[in-house]
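Grab a viewer and a pencil. Here are a few exercises to work through, each followed by a solution.

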Amino acid sequence: APLATKRRDGDGIVVVDLHAEALLDSMAGMQPIDILNYQLKKFRETLAAHADRKGQKIVFIHGKGEGVLRHAIINDLHYRYKQYVYQDASFREYGYGATQVTIK
């Protein structure tokens with residue numbers, strides 16, 4: 001699958017596009033729950049990869065949609081990653097449907 005992580009110059013924010021189309025070569029045969037689980041796996045892998053970088057900001061682009069992925073991410077942040085700070089990412093830069101997490 002294409003690597004959807006890209007670094008931004010200057011401010012050093014890591015941007016990860018969690019849209020299924022960005023993560024998967026093909027969604028053939030996948031149920032919505034399979035796709036959601038894959039997206040969450042990518043979310044968790046990204047946080048794990050940056051866990052030792054205090055102050056690192058990571059923007060996860062999840063899109064508006066029905067909010068299923070956003071809800072799952074917020075749930076994860078509440079229960080699995082309580083120590084991290086999160087907020088809606090800059091609307092001007094990312095539009096709707098992005099959450100910024102700061103590693104603490």
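The exercises below go from the overall fold to single residues.

A word on ground rules: this is a predicted model, where local features need pLDDT of at least 70 and side-chain atom pairs count only at pLDDT 80 or more, while totals for chains, interfaces and linings use all residues. Residues are numbered from 1 along each chain as its sequence is written, and side-chain values use heavy atoms, with hydrogens and water left out.

**Exercise 1. Write down the order of helices and strands in the protein chain.**

Step 1: Take helices (H or I, at least four residues) and strands (E, at least two) as DSSP runs, numbered from the N terminus. You should get 4 helices and 5 strands.

Step 2: Read them off from the N terminus: β-β-α-α-β-α-β-α-β.

Step 3: Check burial, where buried means under 20% relative accessible area, exposed over 50%, and partly exposed in between (1.4 Å probe, protein chains only). Of the 104 residues, 40% are buried.

**Exercise 2. Find the largest nonpolar core and say which elements feed it.**

Step 1: Collect buried Ala, Val, Leu, Ile, Met, Phe, Trp, Tyr and Cys residues joined through side-chain atoms within 4.5 Å. The largest such set has 22 residues, and Leu 18, Phe 43, Leu 47, Ile 58, Phe 60, Ile 73 and Leu 77 have the most contacts inside it.

Step 2: Map this core onto the fold. At least two of its residues come from each of strand E2 (14-17), helix H1 (20-23), helix H2 (32-49), strand E3 (57-61) and helix H3 (68-79).

Step 3: Look for what is left over. Another core, of 7 residues, lies apart from that one and includes Ile 13, Val 15, Ile 61 and Ala 98.

**Exercise 3. Work out which residues of E2 are buried on each side.**

Step 1: Recall the pattern: side chains in a regular strand alternate between the two faces of the sheet.

Step 2: Apply it to E2. Val 14 and Val 16 are buried on one side, and Val 15 and Asp 17 are buried on the other.

Step 3: Find a partner strand (two strands pair if DSSP finds at least two bridges between them). E2 pairs with E3 in the parallel sense over 4 bridges, and Asp 17 stands opposite Ile 61 in E3.

**Exercise 4. Locate the aromatic pairs and classify two of them.**

Step 1: Pair rings of Phe, Tyr and Trp (its six-membered ring) whose centres lie within 6.5 Å; planes under 30 degrees apart count as stacked, over 60 as edge-to-face and the rest as tilted. The whole structure gives 3 pairs.

Step 2: Take Phe 43 and Phe 60, an edge-to-face pair at 4.6 Å centre to centre with 65° between the planes. Phe 43 is in helix H2 and Phe 60 in strand E3, so this pair ties together parts 17 residues apart in sequence. Phe 60 is buried, at 0% relative accessible area.

Step 3: Now Tyr 81 and Tyr 84: the ring centres are 5.8 Å apart and the planes at 10°, so this pair is stacked. Both tyrosines are buried.

Step 4: Join it up. Ring pairs link Phe 43, Phe 60, Tyr 81 and Tyr 84 into a cluster.

**Exercise 5. Describe the surroundings of Thr 99.**

Step 1: Place Thr 99 in strand E5 (residues 98-102). At 1% relative accessibility, Thr 99 is buried.

Step 2: List contacts (heavy atoms within 4.5 Å). Beyond four places in sequence, the partners of Thr 99 include Ile 58, Phe 60, Leu 77 and Tyr 86.

Step 3: Check for a polar contact, a pair of N or O atoms within 3.5 Å; within protein, one must be able to donate a hydrogen and the other to accept it, and residues adjacent in sequence count only if both atoms are side-chain atoms. The side chains of Thr 99 and His 62 make one, at 2.7 Å.
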